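User: I would like to go through this structure and ask how each descriptive term is justified.

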Amino acid sequence: MSRKSRIASGIILMVAACIGLWLFLYRGSSSLAASYIPATPDMTGWAAPWVTQMKAIESAAEKGSIRDLGDLGLNYHANGFFQEASLVYEGMMRLDPSDPLWPYLYSDILSGFGKLEDAIELLTTTLGLDPTYPTARLRLAEGLQKLNRTDEAEAGFRKCLEDNPKDFHAMIGLARIHMDRKDWDSAEQMLRQATLIRPSLGAPFALLESVYTQSGKPGEAANARIAGTGKPAHEDPPDPWKDHLIDRCQDPYRLRVAAATPRYENDSLAAIALLERAISLAPQDASIHRQLGMLLFRNTQPQAALSHLRKSVKLDPVDPDGWAYLVHVLTESGQSIEAENQTVIGLSHCPEAPGLHLERARQRIASGDYTSAIRSLQTLIRLRPEESVGYVELARAYFASDRIDDGIAQMKKALEVEPGHPVAITTLALHAIESGDQAAARRLLLDAKAQLRVPPSDIQELTTAFSNQFGSQP
Amino acid sequence: MKEVYSTDAASGCHKSESSKKTGTIRRNPAATLLLGLTLSALIAITSGCDAKPKPTRATRLSAPEQVQESTHLLRPVEVGASFTNHPWIAHVNVADLDLDGRPDIIACESRENKVLWLKQTDQHQFEEIVIHEGTPAPVHAEAYDMDGDGDLDILLSSMGQVFPNNDKIGSVVILENDGFMNFRPHVIAEKIARVCDIRAGDFDEDGLPDLAVAQFGYDQGELRWMRNLGHDWQFESIILLSLSGPVNVLVADFTGNGHLDIASNVSQQWEEVYLFANEGGGRFVPKVIFGSTNEDYGSSGISTADLNRDGRIDILFTNGDGFDYAEPGPRPWHGVQWLENMGGGFFRHHWIGDMPGAYSPVEIDLDRDGFRDVIAVSGFNDWSKPNAASLMWFRNDGNQRFEPHVLAHHPTHLMCAAAGDLTGEGFLTLVTGGFHAYPPYNHRSRLLIWERADPVK
């Protein structure tokens with residue numbers, strides 16, 4: 001064979017080898033990608049355009065498009081098909097191993113199902129690929145803490161604080177470690193810092209109360225309890241890698257739930273947008289209109305709120321909550337006549353709706369018709385004997401119609417069903433003072449002082465009344 | 001040195017074979033490599049040697065088992081008083097309260113603030129007697145002889161109010177049995193974070209029963225043990241944990257060191273199971289033995305078991321709490337699990353099965369095959385779906401692989417379950433309680449025993 005022929009043969013062989021290799025790799029990755037496509041789940045009832053879109057994505061993934069395979073996983077994850085999403089993420093970690101998103105999102109699913117050891121392994125992988133994503137580091141430290149790997153957890157939280165000295169989640173994590181070690185001073189220091197950075201969050205105040213109680217500081221404990229009252233216990237850390245999933249959500253129920261989470265509690269516009277999307281997917285779902293109506297009302301948009309609440313009761317006239325919210329918003333918006341009309345209509349559909357009987361009673365009290373009000377409240381108590389509101393309102397109606405003893409009896413019942421009810425305690429304390437029952441007055445005043453929901457001004461008034469009546473301090 | 005090559009076309013691999021002399025070819029190594037690559041690629045393309053992966057792959061998330069319909073196995077029978085309202089049975093228990101040899105049922109009606117004793121007068125015949133009322137929101141009743149006088153007293157957990165409330169309105173109450181089934185209440189602790197569960201055990205080993213107390217609270221909760229001072233129903237409290245959300249306590253020697261330990265599941269945003277290992281004399285060392293970073297995990301109940309019959313006490317565990325949601329309801333991750341006791345205070349987490357709204361896991365050999373199964377009830381399923389289960393059986397194949405069976409779709413809203421040998425035949429009968437605090441109200445129950453409908457196949 002001549003030299004030229006040998007060169008030509010070599011070139012032909014090389015080209016053939018390259019083509020072969022390319023085909024081998026392409027076919028390999030294509031079939032590999034396809035092997036991570038899950039069986040299509042039952043999508044009956046889901047929005048048709050989305051189902052079509054999912055089929056197209058799946059088809060593209062079957063042809064070997066790694067990008068589409070990832071897209072498929074994100075869509076499954078966003079819509080609660082966790083088993084399917086898990087399979088895709090397994091594939092993406094193999095096909096796109098440098099992207100930290102896949103192990104991170106996979107860890108989110110696994111930790112959601114309590115598989116913390118697997119989740120921790122994936123979070124470690126995530127941080128290996130991108131050590132700068134703070135939420136992954138925080139989640140890793142929290143996971144280690146729950147696996148009782150306290151030293152590693154502590155190191156993780158400290159690293160979070162190194163990266164971001166204002167990471168109050170890490171402060172809470174560290175404080176819990178200090179509390180477990182009964183190192184109350186360090187725990188207090190961490191938690192106080194957290195309250196300064198995030199004064200709107202309840203958890204650090206709640207833990208501070210425990211720290212103060214344990215370290216023998218009841219006054220500080222009470223102050224921490226007051227400071228934390230009414231504040232949400234939990235707040236998710238910012239998590240843009242996960243938060244974007246909600247944009248792909250096509251499930252009205254999941255959108256409703258998301259709109260009600262702490263993540264959206266301080267972002268009512270975003271929550272409204274989620275509910276509007278939910279309504280676009282399920283326009284006949286009365287409960288979404290009801291939820292959106294109340295959210296709009298809290299966001300000082302009463303007219304839009306009323307529109308959705310009216311729609312809610314039209315779609316589901318036997319839902320007592322829809323009527324109760326509609327009447328409430330009408331009343332709060334000053335439309336009292338319309339509120340009364342809607343109460344009557346609502347009761348004709350839902351004669352056993354406790355909320356409507358309460359509204360009816362309040363309307364009757366406002367117009368001075370105590371007899372009707374008392375009747376409505378007695379019905380409310382029959383329907384909800386375990387709730388204090390009926391007894392307290394009935395007591396007020398009795399007081400307004402000069403039936404003091406009957407009113408006091410109802411306040412006592414309120415205190416039976418809700419032992420710490422602040423209005424019942426203070427009313428009964430005042431009654432005991434005025435009727436000269438010093439022992440009962442002293443006991444109730446002590447209860448009032450222990451009940452942090454009683455305003456200090458009320459305590460002061462009761463103390464003065466006690467001194468005036470009995471000539472001594474309680 | 002001559003090199004001899006042979007190509008194993010079947011495997012597509014090259015191997016050196018110096019012993020064979022036939023067919024030897026002297027080649028340029030580069031050309032050989034190219035030829036090999038080409039051939040192997042072509043073989044791969046034409047013969048499918050890329051070993052096409054299996055159509056389904058395992059993931060780290062356990063695939064749900066196929067649920068079987070076994071609603072024919074058990075038949076619910078109403079016991080106790082009739083009802084027309086919405087029962088709130090927060091707890092049921094089985095104990096021979098009057099020690100007459102026939103196990104009875106004890107229950108808490110949290111809406112009516114009553115503790116009920118369903119005295120078994122004849123086989124599966126019960127007479128309902130209210131043994132205590134007036135303590136607000138009773139949610140757990142355990143029978144235990146606290147004063148050592150030979151009869152069973154009742155440890156009563158009072159939340160003060162069942163629905164969310166952070167006021168200190170809980171109390172620890174002991175109903176002292178005078179021996180004639182008259183119960184006198186002793187308030188052991190009051191005005192504390194809402195109490196969910198109380199169990200007895202001699203933690204300091206002084207011969208007197210002490211108490212372990214789970215206080216859910218709301219924003220603030222606690223877990224304490226109360227040392228029995230031995231006189232006038234006096235106890236001293238020692239706080240073990242200062243977190244909101246303790247749901248249950250269990251008392252057993254989990255570590256196997258001869259001392260009684262305490263385990264507790266803590267919900268709210270913490271979602272952890274704690275072991276307080278007793279080193280002796282009531283010196284407890286806390287340890288998290290399970291936790292989820294899913295703040296919405298919904299821990300709802302724990303109980304003791306020995307599923308693998310290795311003599312070490314395991315922990316059954318459900319997550320299915322749906323109280324806190326915008327609309328009460330299930331979540332995809334709700335289910336039944338067990339924490340296998342590996343000894344020395346170490347536990348391994350295993351998933352038993354998916355179950356929306358799962359509550360109150362109970363170990364029971366339902367099919368009497370000698371293997372310990374698990375049942376659980378659902379308080380928060382999606383009741384708009386006709387196939388939503390309210391009672392599930394997870395059948396143990398003997399190797400702790402569990403096959404899920406639906407035992408009942410309704411009554412709905414079952415929040416508590418217990419099992420006891422009600423017939424005296426050596427087999428456990430299931431008892432459940434209905435808690436109807438939210439709609440729909442069309443499949444209500446109060447107290448049910450689940451009788452065997454068919455002989456076990």
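User: Which residue does B:Q215 stand opposite in β15(B)?

Analyst: B:Q215 stands opposite B:E222 in β15(B). This is a predicted model, in which local features need pLDDT of at least 70 and side-chain atom pairs count only at pLDDT 80 or more, while totals for chains, interfaces and linings use all residues. Residues are numbered from 1 along each chain as its sequence is written, and chains are lettered from A and ligands numbered from 1 in the order in which they are written.

User: How do you know that β14 (residues 210-215) and β15 (residues 222-228) of chain B pair?

Analyst: Strands are DSSP runs of E with at least two residues, helices are runs of H or I with at least four, and both are numbered from the N terminus. Two strands pair if DSSP finds at least two bridges between them; β14 and β15 of chain B are joined by five bridges, in the antiparallel sense, so the definition is met. They belong to an open sheet of four strands in the order β13-β14-β15-β16 (chain B), with antiparallel pairing.

User: What makes β13 (195-201) and β16 (235-241) of chain B the edge strands?

Analyst: Each of β13 and β16 of chain B pairs on one side only.

User: Why is β28 (residues 402-408) of chain B called largely enclosed?

Analyst: A residue is buried if 20 or more other C-beta atoms, placed from the backbone, lie within 10 Å of its own (12 or fewer is exposed, and in between is partly exposed). Five of the seven residues of β28(B) are buried, and therefore the strand is largely enclosed by the rest of the structure.

User: What is the pairing of β28(B) with β3 (residues 68-69) of chain B, and with β27 (residues 391-396) of chain B?

Analyst: With β3(B), the strand β28(B) pairs in the parallel sense over two bridges, whereas six bridges join β28(B) to β27(B), and these two run antiparallel. B:V406 in β28(B) is the bridge partner of B:E69 and also of B:M392. β27(B) and β28(B) form a hairpin with five residues between them, and B:G398 in the turn has a positive phi of about 100°. The open sheet that holds these strands has five, in the order β3-β28-β27-β26-β25 (chain B), with mixed pairing.

User: Why are α7 (residues 134-146) and α9 (residues 168-180) of chain A called roughly parallel?

Analyst: Axes are lines fitted to C-alpha atoms, for helices over the stretch in contact, and angles run from 0 to 180 degrees between N-to-C directions. Angles under 35 degrees count as roughly parallel, over 145 as roughly antiparallel, 65 to 115 as roughly perpendicular and the rest as oblique. α7(A) and α9(A) pack at an angle of about 20°, with their axes 10 Å apart, and are therefore roughly parallel to each other.

User: What makes α24 (residues 404-417) and α25 (residues 422-434) of chain A oblique instead?

Analyst: Their packing angle is about 140°, with the axes 9 Å apart, and that makes α24(A) oblique to α25(A).

User: Which residues of α24(A) and α25(A) meet, and how do they divide by class?

Analyst: Contact requires C-beta atoms, placed from the backbone, within 7 Å. A:I408, A:M411, A:K412, A:A414 and A:L415 in α24(A) meet A:A424, A:I425, A:T427, A:L428 and A:H431 in α25(A). These residues divide into seven nonpolar, two polar and one charged, where Ala, Val, Leu, Ile, Met, Phe, Trp, Tyr, Cys and Pro count as nonpolar, Asp, Glu, Lys and Arg as charged, and the others, Gly among them, as polar.

Technical notes. Contact = placed C-beta atoms within 7 Å.
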